[in-house]
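Here are some short exercises on charged side chains, each with a worked solution. Have the coordinates open and try each task before reading on.

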Amino acid sequence: MDEKEAPPQPPPTAFPHHHFSPSTTCINCGGPTAYPTPPPPSSNPTYIPIRFPAVNLPTNPTNTKEAIMRTPVPQSQKVVPLQPPYSFQTPVKIISSQNDIVRLHSSPTFANFLGFVVSLSESIKSHKLSDPCHVSPAVCTIVDVIEKLIAFVDEIPPVPQSARYGNVAYRTWHDRMSSDAESFMLLLLSPDLRDAAVELVPYFTDSFGNSSRIDYGTGHETNFAAWLYCLARLQIVKEEDYQALVSRVFVKYLELMRKLQLTYSLEPAGSHGVWGLDDYHFLPFIFGSSQLIDHKYMKPKSIHNEDILENFASEYLYLSCIVFIKKVKKGLFAEHSPMLDDISGVPNWKKVNSGLLKMYKVEVLQKVPIMQHFLFGSIIKWE
C-alpha cells in the first residue's frame, strides 16, 4: 500500500460497531474500545441513539450511515394487481446514475415492490419453516422448477481448473437454465397471460447469477424477489401464498444458490468483503430475523451458541445463514463476519429486522452498481 493511501474503512451500517478487545485499541478497526458517556439530547441535537448502550456518533456522520439511521422503517403494502389490457414487453435496464436512483425511490411502483418484500417478511413472523401454511398449485410449480434447476447442477459437474473462483461449467448450467426458462414460465401462465413470458423470463434468468462474470450477489437475489413480485401483480401468487413463498419457495431458491456457489465457486458480486453482511445474500437475514421476533429463548446473541445452531438451523433462515457462513469461512466469526457479530449485540429480533430492512433499502436498493442491472417493463414500470 502506498504510504499516502488511507487504510480501508468499514462501510456504514445500521448497527453500531462495538468492541470486545480488552486493550485500548480494537484489533479490527483501530478504534478505541471505550466511548465517553452519551451526551443528553439537548446538548447535541445531532446525536441519534440507535440502541442501548448508545455510542456517540461522529461529529459529521457519513452520508450513507446517516441515511440508514434516518430512513423510516419500510412498511408493507398490498400488491397492486396489473390490469388489462396488457402490453407485455422485454424488460430493459434504465438506471445509470444517482439521479435515476432518486427517481426510482420516489415512484409508486418501487414503493409497492419494497412493500411486497416487507409483506413477505411479515408473513413469516414468529413462524418456523416447517409450520403449516397455504401451498397453492402455483407455489408447488415454482418449487418443482427450482428442483429441476438443482438437478441440472448434479448433471453438470465442475470442470478441473486452477482458478479459485469461477468454474466455467457454471456457464453450461446457466445456458441450460436459460433455454428452459420460457417453458418454465408457461407452466405458471394461464392462456390469457402467456404473452407475459417475454417479461418474466429476464427477471427469472437474472436471479441465478451472471454467466459471463460467473458471479452472484444481492442484485441477482433482488431480481428473484422482483420475479415473485411480477407473479403477484399478475395474481398468479396471492397474499395467502406469502408465507409459502418464504418457507417453501425462497428456502428452495437458497438451497439452489448455495449449491451453485459451492459447486461452481461463484465470485461474490459487489461484495464488501469482510465488512459486508454476507458475500452473497441479504433477504434471508431479513426473513430469518422476522421468524425469530418474540421467540421465548433465542436472542440475537444466540448465534454464538453452537447447540442452538445445530438444533434449529433447519427451522430458522437466520440461523441457517450463520451455519453456512461458518461452514465456508475459516477463523473466528468476529473476524470474518464482524458486521453479523455486531448485530448479535442488538437487544431483540424486532430491532434487528427493522434495521436490516432499512439497510437493505439503502445499501442494496439505492446503490447504482447494484441497481443498474435492475429491469423495467410493463409490470415493473419506470415512472
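**Exercise 1.** How many salt bridges does the structure hold?

*Solution.* Start with the ground rules. This is a predicted model, where local features need pLDDT of at least 70, side-chain atom pairs count only at pLDDT 80 or more, and totals for chains, interfaces and linings use all residues. Residues are numbered from 1 along each chain as its sequence is written, and side-chain values use heavy atoms, with hydrogens and water left out. Next, apply the criterion: a side-chain nitrogen of Lys or Arg within 4 Å of a carboxyl oxygen of Asp or Glu. The structure holds ten such salt bridges.

**Exercise 2.** Find the N to O distance between lysine 78 and glutamate 239, then classify both residues as buried (under 20% relative accessible area), exposed (over 50%) or partly exposed (in between; 1.4 Å probe, protein chains only).

*Solution.* The distance is 2.9 Å, in a salt bridge between the two side chains. Lysine 78 has 62% relative accessibility, so it counts as exposed. Glutamate 239, at 46%, is therefore partly exposed.

**Exercise 3.** Which of these words, buried or partly exposed, fits aspartate 279, and which fits lysine 329?

*Solution.* First the contact: the closest N and O atoms of lysine 329 and aspartate 279 are 3.5 Å apart, forming a salt bridge. Then the areas: aspartate 279 has a relative accessible area of 17%, so it is buried. Lysine 329 has 21% and is partly exposed.

**Exercise 4.** Which residues do salt bridges with shared partners join into one network?

*Solution.* Follow the shared partners: Glu147, Lys252 and Glu255 are joined.
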